[in-house]
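Trainee: I'm new to this one and would like a close look at a single part. Could you walk me through the largest pocket and what sits around it?

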Amino acid sequence: TQFSIKAGVLSRRRVESGGVGETYELRLWIQHSASGLPHLPTTADRVEYDGTSWKGTSIDPTYSSKGLIASKLTARNQ
């Protein structure tokens, strides 16, 4: 299922991994609300950003007393 959501991009940076291949890392906040992502993302999810496909590598959910507000997602380009 695809969702069109608004997210706050925290950073996009190159990750040094040695060799000739370049890998980039994207960090962003994903809002959970009526206009955001209705469920907690997983590392099986993919994000399309700036014409590139990114695969989730880590998820850090943020909770409040009323429930899930947002998730911080770290993803790498594939």
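**Around the largest pocket**

Mentor: Let's start with a side-chain pair: Ser 53 and Glu 48 are joined by a polar contact of 3.4 Å. Keep in mind that this is a predicted model. Ser 53 belongs to strand β4, which covers residues 52–64, and its side chain also has a polar contact of 3.3 Å with the side chain of Arg 46. Both of those partners turn up again at the pocket: Arg 46 and Glu 48 are among the lining residues that lie nearest its centre, along with Phe 3, Ile 5 and Val 47.

Now the pocket itself. Its volume is about 470 Å³, and 19 residues line it. Sorted by class, 12 of these are nonpolar, four are polar and three are charged. Strands β1 (7–15), β2 (23–31) and β3 (46–49) each provide at least two lining residues, and β3 gives the most, with four.

Val 47 leads us on to another part of the picture, as it also belongs to the largest nonpolar core. That core has eight residues, the others being Leu 26, Leu 28, Ile 30, Leu 37, Trp 54, Leu 73 and Ala 75. Strands β2 and β5 (67–77) each supply at least two of them, with the largest share, three residues, coming from β2. In soluble globular proteins, nonpolar side chains tend to be buried together.

For one core member up close, take Leu 26. Setting aside neighbours within four places in sequence, Leu 26 is in contact with Trp 54, Leu 73 and Ala 75, and also with Val 9, Ser 11, Arg 12, Tyr 49 and Thr 74.

How values were computed
Residues are numbered from 1 along each chain as its sequence is written. This is a predicted model: local features need pLDDT of at least 70, side-chain atom pairs count only at pLDDT 80 or more; totals for chains, interfaces and linings use all residues. Side-chain values use heavy atoms; hydrogens and water are left out. On a 1 Å grid over the protein atoms alone, a cavity is a set of points where a 1.4 Å probe fits but cannot get out, and a pocket is an open set with protein on both sides within 12 Å along at least five of seven lines; lining residues have an atom within 4 Å of a point. Grid points are joined across faces, edges and corners, and a volume is the space filled by probe spheres set on the points. Ala, Val, Leu, Ile, Met, Phe, Trp, Tyr, Cys and Pro count as nonpolar, Asp, Glu, Lys and Arg as charged, and the others, Gly among them, as polar. A nonpolar core is a set of buried Ala, Val, Leu, Ile, Met, Phe, Trp, Tyr and Cys residues joined through side-chain atoms within 4.5 Å. Buried means under 20% relative accessible area, exposed over 50%, partly exposed in between (1.4 Å probe, protein chains only). Contact means heavy atoms within 4.5 Å. A polar contact is a pair of N or O atoms within 3.5 Å; within protein, one must be able to donate a hydrogen and the other to accept it, and residues adjacent in sequence count only if both atoms are side-chain atoms.
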